[in-house]
Amino acid sequence: MHWTDRRKRFRALLAGDRCIHPGSVFDPISARIAEDLGFEIGMFAGSVASLTVLGAPDLIVLTLSEFAGQAYRINRAGNLPLMVDADHGYGNALNVRRTVEELETAGVSGMSLEDTDLPTPHGTTAPRLISIAEGVGKMKAALGARQDPDLCIAGRTSAVSITSLDDAIARGRAYEEAGVDALFFVGVRTRAELDAISEATKLPIILGGVSGDLTDLAYLGARRVRIALQGHQPFAAAVKATYETLKALREGTQPSKLQGVASPELMKKVTRDADYARWTKDFLG
Ligand SMILES: O=C([O-])CC(=O)C(=O)O
Ligand SMILES: [Mg+2]
């Protein structure tokens, strides 16, 4: 597996001057579709992992092994650099080390580790953050656990919508100081907020959950944003397609009359059928 090659491509994107949208992927076939369509990177979110593996909402009930297992299946299916949302690193700084070991082995190109207090503690009604000191310890643990220096570690914070813009900046600067490769901000709402963050920090920026005038790629690129998430619609689209198909079959529609089913040609493409046909000929006589 050429993990290093794809990690170098991921790093080159962070080091460039453009902002791109990743393809939101959740399994081997979705990752191949994103690659075939020309997405430069794939994104495997924690929420999507919970949906895919457990059929559960994004409440951190998923385990690290389940997450890393699905990330590996995605990675082995193709050649797309994969960014993953490793949530809070599945525990404290020691768990963060383990998270980096498992995800590096699973072939990911980049991962974010966030400073949200997860899973949600008893009795809390709104999201909370861990202290900056604990966040820095987690970032250092992550960097120390990495064996391939090309694996990217992004420090992620939702502080801008939980505490304040100033706190988000303080956290970004502390994680920069700790040595991370990129800063991932969630909850930025306005250009003024992004301008302030960009001004006060140095590293490439990743943005999650943006809308409105924060969706202009040229503007984002000029503010050092290199990756902007667009949500995770492909999984929801797959749910709808499966729902509609099962519903139509249950209501008596003949299989040949179903709408919205992948053609045999598309199925062959996404399963890399031609490779298997060649291997079958070459190795099974
Ligand atoms: O990736 C995002 O847009 C937000 C997030 O953390 C998730 O979905 O798990
Ligand atoms: Mg998440």
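**From the end of helix H11 to the annotated residues**

Just after helix H11 in this predicted model, Gly252 adopts a positive phi of about 100 degrees. The helix that precedes this glycine, H11, is made of 18 residues and spans 25 Å from its first C-alpha to its last, which is close to the 26 Å expected at 1.5 Å a residue. H11 is hardly covered, since the count of buried residues among its 18 residues is one.

At the other end of H11 we come to His232, which sits in the loop that links strand S8 (225-228) to helix H11 (233-250). The UniProt annotation "binding site", taken from an unreviewed entry, covers His232 together with Ser47 and Arg156. His232 has 18 other C-beta atoms within 10 Å and therefore counts as partly exposed, because a residue is called buried when that number is 20 or more and exposed when it is 12 or fewer. Once its neighbours within four places in sequence are set aside, His232 is in contact with Ser24, Ala45, Ser47 and Val48, and one of these, Ser47, is itself covered by the annotation.

Arg156, also covered by the annotation, belongs to strand S5, which comprises residues 152-157. Arg156 counts as buried because it has 29 C-beta neighbours inside 10 Å. Apart from its neighbours within four places in sequence, Arg156 is in contact with Ser112, Leu113, Glu114, Phe184 and Val186, and of these Phe184 and Val186 are residues of strand S6 that point one way from it along with Ala182.

Strand S6, which runs over residues 182-186, is mostly covered, with five of its five residues buried. In a regular strand the side chains alternate between the two faces of the sheet. In S6, Ala182, Phe184 and Val186 point one way while Leu183 and Phe185 point the other way, and all are buried.

The partners of S6 can now be followed in turn. S5 and S6 pair in the parallel sense over four bridges, and within this pairing Ala154 stands opposite Ala182 in S6. S6 is also joined by four bridges to strand S7 (residues 205-208), and these two strands likewise run parallel; here Phe184 stands opposite Ile206 in S7. Between S6 and S7 the chain passes through helix H9 (residues 191-200), and the resulting β-α-β crossover is right-handed. Phe184 thus appears in two settings, as a contact of the annotated Arg156 and as the residue of S6 that stands opposite Ile206.

Key. Residues numbered from 1 in each chain as written. Chains lettered and ligands numbered in written order. Predicted model: local features only at pLDDT ≥ 70, side-chain atom pairs only at ≥ 80, totals over all residues. UniProt positions renumbered as here; feature names shortened; annotations may be inferred. Contact = placed C-beta atoms within 7 Å. Expected span 1.5 Å × (residues − 1). Pairing = 2+ DSSP bridges. Right-handed = clockwise from strand over helix to strand, strands pointing away.
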